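Biologist: Please take one helix and go through it closely. Then set it against the cores and the domains.

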Amino acid sequence: MYNVRRLVLAHFGFAFGAFALALLLGEWQMIVRSPLHAWLDNPEHYYRSVTAHGTVMGYVFPTLIAMGFGYAISVTTLQRDLVGLRTAWIAFWMVVVGTVVAALIVASGHASVLYSFYPPLVGNALYYIGVALIVVGSWVWVALLTINLAAWRKVNPGKKVPFTMYANVAGSYLWGWTAVGVVAEILFQILPVALGFKTTVDAGLARVLFSWTLHAIVYFWLIPAYIAYYTILPRAIGSRLYSDTMGRLAFVLFLVFAMPIGIHHLYDDPMVGSGIKVMHGVFTAMVTVPTLLTIFTITSSAELAARQRGGHGLLGWVKALPWENPVMLGVAFSFVMLGFGGAGGLINMTYQTDSTIHNTQWITGHFHLIFPGAIVIMYFVIAYDLWPALTGRALGSLALVRTQLWLWFVGMMILTIPWHIAGLYGMPRRMAYYDYTNPALAPDAWTVIASVVGGGLAVISGLLLVYILLSSLRRERVAPPAYRFSEALNESPVVPRALNGFAVWLGLMLALTLVNYGFPIWELRKIPTTSVPAVYVGGGQ
Amino acid sequence: MNTACSTRLGMGVLILLLAPLGQAAEPDGRAKAGSPPPNTMFARVQGCSTCHGPLGQGTYDDYFPRIASKPPGYLFNQLQNFREGRRSYPPMNYLLAYLNDDYFHEIAKFFSDQRLPFAEPERSKVSPEVLATGERLVREGDAGRQVPACTGCHGAQLTGINPGIPGLIGLHSRYISAQLTEWRAGTRHANGPDCMREVANRLTEEQITAVAAWLATQPAPAVATPAAAGSWATPLPCGSQPQ
Amino acid sequence: MIRDRSYTLTRTSALAVAASAALCIGASASQQQPASAPSAIPAAQESIEHTVKRGEYLAWAGDCVACHTKHDGQPFAGGFAMPTPFGTLYSTNITPDVQYGIGKWSADDFYNVLHTGHRRDGSFIYPVMPFPAYTRVTRADSDAIFTYLRSLKPIHEPNRENGLRFPYDNRSLLFGWRELFFHEGEYRPDPKHDAEWNRGGYLVEGLGHCGTCHTAINKLGGNEDRKAYAGGLIPMQNWYAPSLTSNKEAGLGEWSLEEIVEFLRAGASQRGAVYGPMSEVVHNSLQYLNDADLHAIAVYLKDLPSRHETPPPGRLPGTAQQSAAMLAQGHAIYSAQCQSCHLANGSGQPPGYPPLAKNQSIEMQSAVNPIRMVLNGGYAPQTETNPRPYGMPPFAQILSDADIAAVVTYIRVSWGNDGQPVTEAEVNALRSAPLLD
Amino acid sequence: MNKLGLWAILAVAAMVLVGGVIGFVWLPRVVYSDQGFFAAWCSALGVPRSWAAYGASPVARISSDVVLTHELLEPSTPADVGHGATLALRCTMCHGPTGISFADSPNLAGQYAVVIYKQLRDYKSGMRTNAVMSAMARSLSDTDMRQVAAYYASLPRPAAFRLTGAAPAVVKYGAPMRNIAPCGSCHGAIDHTLASPWLKGEPRAYIRAELTAFASEERHNDIDAQMRAIAHGMTPDEIDQAAAYFAGEH
C-alpha cells in the first residue's frame with residue numbers, strides 16, 4: 001500500500017486500542033448506574049469515566065480512523081505515494097500525545113467536565129490543550145489530503161478526481177471547518193480561564209461555538225462509513241457503484257448542510273433567538289436528502305449484485321445477497337441502526353418534540369444508535385477490509401468476524417432502545433446514580449439493566465474484534481491483490497465540473513455558516529450578561 | 001524526635017545582662033547592674049499596658065476590655081482561667097503561664113482599686129427598636145425564655161457586685177456579644193455553677209446583639225464601683241459569686 | 001502547667017523536701033570517695049518516706065511533671081500534646097493507676113525505660129522522652145523516683161493514641177535513630193574532677209537533660225555530640241536555645257558561681273532573667289533544687305569548654321540612607337515604647353527591666369529571641385525567691401514588621417552592641433510561632 | 001460557473017429565504033403578536049430587551065457577592081501567614097489558639113483559605129450574620145481577610161479527628177430523589193470539590209445549627225441556594241447523622 005502501510009496501521013492500532021479501553025469504561029458506567037451495583041462511594045468517579053469515555057470515543061477514535069482511512073484512500077485512488085509522509089507521522093504523534101495528556105488529567109480528576117466541556121465548568125488547562133492537540137493534528141491531515149489532491153491534479157490536469165478521493169477530501173473539508181467552533185471555544189473562552197487570565201466564561205457564546213462543532217462532527221464521523229457504503233460494499237459483493245454522480249452529490253450536500261444546523265442542540269437555550277433556531281431546524285431537515293440519496297444508491301448497488309446472482313422479485317432479490325460476506329452483513333446492520341437512529345433524530349430536530357426528550361436518556365440512546373451503532377460497525381468493516389492489505393495477512397475465520405458484527409449489532413440495539421424508553425419516562429442523562437428502590441421508579445429499572453446486558457455484548461464484540469485483528473498477525477504472510485475501491489456502473493470520463501471541485505460547496509458552506517451563526521455569535525459577543533463566573537472542577541483534597 | 005520534648009522541656013533562653021555603664025567592664029570582667037526598678041505594682045503590671053492601658057482603663061482598641069475597678073474576685077478568676085486555658089487567648093495564656101495565685105490576687109486588687117473616668121459610651125448604629133429590645137432584656141429579662149434581667153446580678157446600676165460579678169458599663173458592644181457567644185459555644189467558662197453559660201444559652205442571636213448594643217451605649221453612673229458583697233442575692237446560683 | 005490544688009500543695013512543700021533531700025545528698029557526697037557515682041545512699045538504708053521525698057526531689061530535677069501533665073490536668077496523668085515535625089505525640093499516665101498508669105510496673109521496668117528506652121513490652125520509646133539523657137541516671141535514683149511515683153494517688157486517665165504520620169508511626173524504625181543518637185549507660189564520673197563537678201555533670205547530663213535543647217537538634221530530631229551545648233533553634237516552638245559554650249551567647253565563662261545559682265533558682269537576677277521555655281524549666285524544676293546541687297550544676301556548666309566565635313560584622317541592609325532611616329525609625333519606636341522601662345541608654349533597671357546594652361541575648365547571632373520578646377513580651381517565672389516578677393507587654397498587635405525590624409535592629413547595634421541587623425521577613429516569620437505548646 | 005453549481009446556489013438561497021420567512025416573519029407574528037413587527041423580529045433574532053418589558057427583574061436577591069477567582073486560589077505567601085497569625089489572635093477566644101475550639105465554635109485549622117475568606121466577606125457585607133462575626137469582620141480589610149484565611153489554612157488539621165466507621169447514607173450517597181447530593185463528595189469525607197468547606201472534625205452542634213439555618217433560609221449566603229435546597233430536603237435525623245459523622249462522634 002505505497003508508503004503509508006505502517007502509518008495507517010499505527011492510526012488503526014492506536015484507535016482500536018483506545019476504543020477498547022473506552023468501551024470498558026462505558027460498560028462500567030452502565031453497571032454502576034444500574035440497580036445491579038451499589039451506589040458509587042464517589043459519584044465524581046462516574047463523571048471522570050464519562051469524560052474519558054466521551055473524549056476518546058468522540059475525539060480520538062473516529063478522528064484516527066478517518067485519518068488512517070483517508071491516507072489509505074489517497075494513495076490507493078491517486079496511485080501514488082503520499083506527499084508529506086513525515087508530516088503525517090508528526091500529526092499522528094500530536095494526536096497520541098494530546099490523547100495521553102487529556103486522559104491523564106481526566107484520570108486524576110481535574111477535568112471531569114464531560115466531552116462537551118459544559119462551560120462555565122472549567123477543568124485543568126492541560127485537558128483542553130490535549131483536546132486541541134488532537135484537533136490540530138487532524139487539521140494537518142486535512143491539509144495533507146488537499147496537497148496530495150493538488151499534486152495529483154498537476155500531473156493529471158482536467159482529469160476526473162477519483163470518486164473515493166473526492167468523498168474523502170469532502171469529508172476532510174467538512175472536519176476542517178466544523179472543528180473551528182470547538183477550537184475557538186477552547187482558545188477564546190475556556191483556556192484563558194483555565195490558565196487564570198480570565199475568571200468569567202461567556203457561557204452563551206461558548207455553547208453556541210460548541211454547537212458549531214457538536215453536530216457537524218457527527219457527519220465527520222459518518223463520512224468514512226458512507227465512503228465504505230459507496231466504495232467497499234459494491235466491490236465486496238461483486239457489484240458496481242450505481243451512480244458516481246449521485247454519490248458525489250450526497251457528499252457535497254453533507255459538506256453544505258452539516259454546518260448550519262448545530263443550534264438544534266440549543267433548542268432549550270434562552271440566549272439564541274427562536275428565528276435562528278427555526279433556520280437551523282430547516283437545514284437539519286435538509287440533511288435527510290443526502291442520507292436518502294445514499295440509502296437509494298447503495299440499495300440499488302446491492303440490488304444490482306443480487307440480480308446478477310440470480311435474485312428476482314420485488315424484494316426477493318434480498319435473499320440472493322451474499323450474506324456470508326461480513327461487509328454485506330455490516331452494511332445491513334448499519335442501515336438498520338441508521339434507520340432507527342434517523343427516525344429518533346427527526347424527533348430531536350423538531351423543536352416541539354425535542355422539548356419532551358431534551359437532556360433525557362433518549363438523547364444518549366439516539367447518538368449511541370447512530371455513532372457506535374451505524375458508524376462504528378462500518379469502522380469495523382473498514383478495518384477488516386483493509387487489514388490484509390495493511391498487514392499482508394489474511395483474516396481468520398469469517399464466521400468469527402460475522403459473530404463479532406452480530407454481537408455488536410444486537411448489543412447496540414439492546415443497549416440503546418431501552419435508553420430511548422427510559423428517556424421517554426423522563427430519566428435525565430448524566431446521572432451517577434438513580435434511586436430504583438423508589439417505588440415510583442422501580443418499574444423503569446429494567447431499562448438500565450437491559451442496557452447493561454447490551455453493553456456487555458458490545459464489550460465482548462469489541463474484544464473479539466481486537467482478538468480477530470491481532471490473531472491474524474500470527475498467520476502466514478499472503479500477497480494480497482492491490483487494494484482497490486469499486487468502480488461506478490458507468491465510469492464516464494467526466495462529471496459536472498461542480499462535482500469535480502469543491503469551490504461551490506465550500507462557498508455555500510461558509511455562506512450558510514455566516515447566515516446561521518454570524519448573528520448569534522456577533523450578538524453574544526456584545527452582550528455582557530451571558531458572561532458568568534467560572535466554576536472550577538476538581539478541588540482534590 | 002527530641003524536638004517534641006524540647007518544645008516543652010527546653011532549657012531555654014537566658015537574657016544575660018552585661019554592664020550597661022558607659023566605661024569598659026571592670027578588670028575582673030564583672031560589671032555593675034543598673035538601678036533596680038520601682039518596687040510598685042504599677043511597675044510590675046506594665047506587661048498589661050499595651051492592651052488594657054497602663055492602669056487598666058482600656059485603650060483605643062475596643063477589642064480589649066477595660067479592667068480598671070472591676071471586682072477583684074472577678075479579675076482573679078479570669079487570671080486563673082487564662083492560666084489554666086479555661087479561656088483561650090495566647091498572649092494572656094503565655095504571660096500568665098508561670099505566675100501563681102498569690103500574685104494574681106495582688107494584680108487583681110491593683111486593677112480593681114483603680115478609679116478612673118470611663119470613656120465616652122459607644123454611638124450605636126443599630127435601630128432604636130433593637131436598642132429598646134436590649135434595654136428591656138437588661139432591665140426585665142425575657143420571661144418567655146427564662147432569661148433573668150441583667151440587673152438582677154450585675155446591679156441596677158450595672159456596676160457589678162463584689163467579689164465576683166463584674167460591671168457591664170464601659171464595655172464595647174463587640175466585646176459583650178463576643179463573651180456571650182463564647183459562653184454559648186462553650187469556649188468561655190466560669191467556676192460552676194456557670195450561670196452565665198445558662199443565660200447565654202437561653203438568649204437568641206438577635207437578643208445578644210440587642211443587649212450588647214444597648215449596654216455599650218450606657219454612660220457610667222457617678223459612682224461606678226461594684227456594690228459591696230452581699231448587697232443582693234443573684235437569681236441564679238453562680239460559682240463565681242458564693243452566696 | 002499544673003495549677004491543680006493537690007499540685008500546689010506538693011509544690012509548697014517542695015522546699016522542705018528539697019531541704020531534707022539536700023541533707024541526704026550532702027551526706028552521700030561526704031560518705032563517698034570523690035570519683036564514685038554521686039548518687040544518694042542505697043535505698044535499702046533509708047526509710048520509705050525518706051525515699052519518697054528523695055524521689056520527689058529527683059522528679060523535680062528531671063522535670064517529669066512538665067511533660068507528663070496536660071493543661072488543666074492532674075499531675076503526672078499524662079495526655080500532654082507534644083507537636084513534632086513528625087506528628088503529635090501525647091505523654092503517658094505515670095501515676096500508679098493499674099489500667100493506664102504504672103500500677104503494674106516493677107522497679108526494673110521503670111529503670112528499663114529510663115536506662116534503655118524500652119517500653120514494658122520491649123518496643124522502643126520515642127525519644128520525645130529524653131531517655132538519651134535519663135540513661136545516665138543511677139539505679140538508686142531511678143528506684144527512688146519510682147517509689148515516689150508509686151506513692152502518688154492513682155489517676156484513672158486513659159492514655160491518648162499518638163498522631164504520628166507514616167512512616168514515623170512505626171516504632172521499630174527508631175532502631176536507626178538509636179544507633180545514631182543514643183549511647184546507653186549510667187553517668188561515669190570523671191576522676192579528673194571532684195565530687196561536686198561530677199554531681200553537676202550527673203544532673204546536667206542526666207535528669208536535667210539540658211542538652212536536649214542547648215545542643216542543636218538536627219533534621220532527624222537528634223542531638224549531635226560534636227555540637228554539644230553549642231545552642232540551636234528549638235523546632236516547632238521557634239525559640240533559640242543559646243549556646244552555653246560561646247561567651248557571645250550565654251557562655252558562662254564570665255559568670256560567678258553565685259550568679260549562676262541565683263539565676264537558675266530565682267529566674268531573674270542582677271545578671272539575667274529567663275523567659276520562653278526556660279521559664280517553665282525554672283518554674284517547675286530548677287527553683288526546687290538545693291544550693292548544693294545548683295552549685296554543682298553551676299560548677300559543671302561554667303567548666304564547659306568555652307568557644308569564642310566572632311560573627312561577621314553586622315551590616316545594615318540597603319543603602320546608607322536606607323539604614324539611616326531604619327535606625328531613625330527604630331530610635332523613634334524605642335523612645336515611644338521601650339524607653340520608659342529600658343531607659344534611653346539601654347541600661348534598663350535590673351532585675352525587673354533587663355538592660356539591653358551589651359546584652360549577649362540581644363547581640364547573639366540569632367535574632368529570634370529579641371524579636372520574639374518584642375512580639376510576645378513575657379513575665380519572668382514566679383519563684384520562691386522572685387515572688388513578684390516584672391513583665392514586658394506584647395507588641396505584635398501594635399507594631400508592624402517594619403517597626404519591629406527597625407527597633408530590634410536599633411537595640412542590636414546601639415550602645416556598643418554589635419548584633420546583626422534584622423529584616424522584616426525574619427520578624428514576620430515569627431508571628432505565627434506558637435506562644436504555648 | 002456551471003449549471004449545477006448555479007442551481008445549487010439558487011436552491012440553497014431559496015431555502016434560506018423560506019427558513020427566514022418562517023423564522024423571522026411568520027412565526028414571530030404569531031408568537032409575539034402583541035408586539036410590533038420590529039419587536040417581534042428582534043425577539044426572533046434573540047436580541048434581549050430590558051427586563052422592564054417583563055416587569056420585575058427575574059434575578060433573585062444575590063446570596064453572596066464573593067466570586068471564586070483565580071486570584072483567590074493563588075497560594076498564599078509566608079508573609080500572609082505571618083500577618084494572619086497576628087490578626088487571628090482575636091479569633092482565638094472562640095476558635096482556639098491553633099484554630100481548634102474544643103467546643104461548639106467551628107474549627108478553622110486547615111480549613112481552605114477560600115472558604116474562610118468567603119465567609120468573612122459575607123459577614124462583612126451582611127450576607128451572613130452573627131452577633132460576633134459581623135462586628136469582627138466589619139473591622140477587617142480585604143487583605144486582612146485573606147491573611148487570616150491564609151494563616152488558618154496553614155495550620156495542621158487535628159490528627160485526633162481521623163474519621164472512623166462507615167459514613168451514613170446521606171453523607172455517602174445523599175438522596176437522589178430529593179435532590180440531595182452526598183455531603184461527602186464535596187465536603188471531604190469522600191472527596192473534596194474546590195471552594196467547599198472541609199467538614200471533618202467540625203463540632204456536631206455547629207454543623208447541625210448551620211444545616212438547620214440553611215433549611216429555614218435563616219442562613220442564605222450559599223451561592224444559587226445550593227445548601228438551602230439540600231438542607232431543606234434533609235430530615236432532622238439525616239442532619240444529625242451527618243453532623244455526628246463529620247464531628248467523628250458516631
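Modeller: What follows starts with one helix of chain A and then turns to the cores and to chain B. The model is predicted.

Helix H10 of chain A covers residues 274-286. Its length checks out: 13 residues at 1.5 Å each should span 18 Å, and the end C-alpha atoms are 19 Å apart, which agrees. H10(A) is mostly covered, with ten of its 13 residues buried. The buried set runs through A:Gly275, A:Ile276, A:Lys277, A:Val278 and A:Met279, then A:His280, A:Gly281, A:Val282, A:Phe283 and A:Thr284.

What do these buried residues pack against? Within chain A, the partners are helix H9 (244-257), helix H12 (326-349), helix H13 (351-357) and helix H17 (503-526). Chain D adds helix H1 (3-31) and helix H2 (37-45).

Now the cores. The largest nonpolar core has 218 residues. Its members touching the most other members are C:Ile371, C:Ile404, C:Val407 and D:Tyr152. Leaving aside neighbours within four places in sequence, C:Val407 contacts C:Gly330, C:Ile333, C:Tyr334, C:Cys338 and C:Val374. Another core, of 188 residues, lies apart from that one. Among its residues are A:Ala132, A:Leu255, A:Ile261 and A:Leu321.

Last, chain B. The domain assignment gives domain 1 (44-116) and domain 2 (128-216). Their centres, over C-alpha atoms, are 21 Å apart. Domain 1 of chain B puts 13 residues into the contact, and domain 2 of chain B puts in 18. On the domain 1 side, the touching residues are four nonpolar, four polar and five charged.

Terms used:
Residues are numbered from 1 along each chain as its sequence is written. Chains are lettered from A and ligands numbered from 1 in the order in which they are written. This is a predicted model: local features need pLDDT of at least 70, side-chain atom pairs count only at pLDDT 80 or more; totals for chains, interfaces and linings use all residues. Domain bounds come from an automatic or database domain assignment. Two residues are in contact if their C-beta atoms, placed from the backbone, lie within 7 Å. Ala, Val, Leu, Ile, Met, Phe, Trp, Tyr, Cys and Pro count as nonpolar, Asp, Glu, Lys and Arg as charged, and the others, Gly among them, as polar. A nonpolar core is a set of buried Ala, Val, Leu, Ile, Met, Phe, Trp, Tyr and Cys residues joined through C-beta atoms within 7 Å. A residue is buried if 20 or more other C-beta atoms lie within 10 Å of its own, exposed if 12 or fewer, and partly exposed in between; C-beta atoms are placed from the backbone. Helices (H or I, at least four residues) and strands (E, at least two) are DSSP runs, numbered from the N terminus. The expected span of a helix is 1.5 Å times one less than its number of residues.
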